[in-house]
Amino acid sequence: MGDIVGSETITQNTLLGYGADISYQSVLGPITLGLGSNSTDKKLRTYLSIGFSLNYQDR
């Protein structure tokens with residue numbers, strides 16, 4: 001890892017992500033539809049999730 005010299009290095013390495021989702025509580029568990037993007041490629045991404053997350057960090 002290199003040394004940070006000035007604010008240009010910090011600005012060049014900054015990555016921002018953003019998104020929104022909507023959820024519905026069904027008999028199968030939560031159904032979630034979401035949209036997201038980031039500041040690098042600005043592609044719009046979608047995702048669909050059905051059921052409960054087993055990932056401990058999501059709780």
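This briefing describes the fold, strand pairing, surface and local contacts of one protein chain. The model is predicted. The chain holds one helix and three strands, which follow one another in the order α-β-β-β from the N terminus. The three strands form an open sheet with antiparallel pairing. Of the 59 residues in the chain, 14% are buried.

**Overall composition**

- The chain exposes about 5500 Å², and carbon and sulfur atoms supply 59% of that area.
- Contacts between residues at least 6 apart in sequence include a share of 7% that join residues at least 24 apart.
- A search of the whole structure finds one salt bridge, which is described under the second hairpin below.

**Sheet architecture**

- The strand order in the open sheet is 1-2-3, and the pairing is antiparallel.
- Strand 1 (17-26) and strand 3 are the edge strands, since each of them pairs on one side only.
- From one strand to the next, the twist averages 15°.
- As a general point, the strands of a sheet pair through backbone hydrogen bonds, in either a parallel or an antiparallel sense.

**First hairpin: strand 1 and strand 2**

- Strand 1 and strand 2 (residues 29-38) are joined in the antiparallel sense by 10 bridges.
- Two residues lie between these strands, and together the strands form a hairpin.
- Ser-23 has Thr-32 of strand 2 as its bridge partner.
- Ala-20 is likewise bridged to strand 2, where its partner is Leu-35.
- Strand 1 is hardly covered, with a count of zero buried residues among its 10 residues.

**Second hairpin: strand 2 and strand 3**

- Strand 2 and strand 3 run antiparallel and are joined by six bridges.
- One of the bridged pairs is Gly-36 with Arg-45, the latter in strand 3.
- The hairpin of strand 2 and strand 3 has six residues between the strands.
- Lys-42 is found in the loop between strand 2 and strand 3.
- Although Lys-42 is not a glycine, its phi is positive, at about 55°.
- Lys-42 has a relative accessible area of 59%, which is over the 50% cut-off, so Lys-42 counts as exposed.
- Arg-45 forms a salt bridge with Asp-41, in which the closest N and O atoms are 2.7 Å apart.
- Both partners of the salt bridge fall between the 20% and 50% cut-offs: Arg-45 is partly exposed because its relative accessible area is 39%, and Asp-41 is partly exposed because its relative accessibility is 34%.
- Strand 3 lies largely in the open, because the number of buried residues among its six is zero.

**Nonpolar surface patch**

- Ile-22, Val-27, Leu-28, Leu-33, Leu-48 and Ile-50 form a nonpolar patch on the surface.
- The accessible area of these patch residues together is about 710 Å².
- Ile-22 is placed in strand 1, and Leu-48 is placed in strand 3 (residues 45-50).
- Ile-22 is exposed because its relative accessible area is 61%.
- Leu-48 also counts as exposed, because its relative accessibility is 59%.
- Ile-22 and Leu-48 are 26 residues apart along the chain, and their C-alpha atoms are separated by 9.9 Å.
- With neighbours within four places in sequence left aside, Ile-22 is in contact with Ile-31, Thr-32 and Leu-33.
- Among these contacts of Ile-22, Leu-33 is itself a member of the nonpolar patch.
- As a general point, side chains in a regular strand alternate between the two faces of the sheet.

**Summary of the edge strands**

- Strand 1 and strand 3 are the edge strands of the sheet, and each contributes a residue to the nonpolar patch: Ile-22 is in strand 1 and Leu-48 is in strand 3.
- Neither edge strand holds a buried residue: the count is zero for strand 1 and zero for strand 3.

How values were computed
Residues are numbered from 1 along each chain as its sequence is written. This is a predicted model: local features need pLDDT of at least 70, side-chain atom pairs count only at pLDDT 80 or more; totals for chains, interfaces and linings use all residues. Side-chain values use heavy atoms; hydrogens and water are left out. Patches are made of residues with over 30% relative accessible area and no salt bridge: like charges are joined within 9 Å, nonpolar side chains (Val, Leu, Ile, Met, Phe, Trp, Tyr) within 5 Å. Accessible areas come from the Shrake-Rupley method with a 1.4 Å probe; for residues, only the protein chains shown count as cover. A salt bridge is a side-chain nitrogen of Lys or Arg within 4 Å of a carboxyl oxygen of Asp or Glu. Helices (H or I, at least four residues) and strands (E, at least two) are DSSP runs, numbered from the N terminus. Buried means under 20% relative accessible area, exposed over 50%, partly exposed in between (1.4 Å probe, protein chains only). Two strands pair if DSSP finds at least two bridges between them. Axes are lines fitted to C-alpha atoms, for helices over the stretch in contact, and angles run from 0 to 180 degrees between N-to-C directions. Contact means heavy atoms within 4.5 Å.
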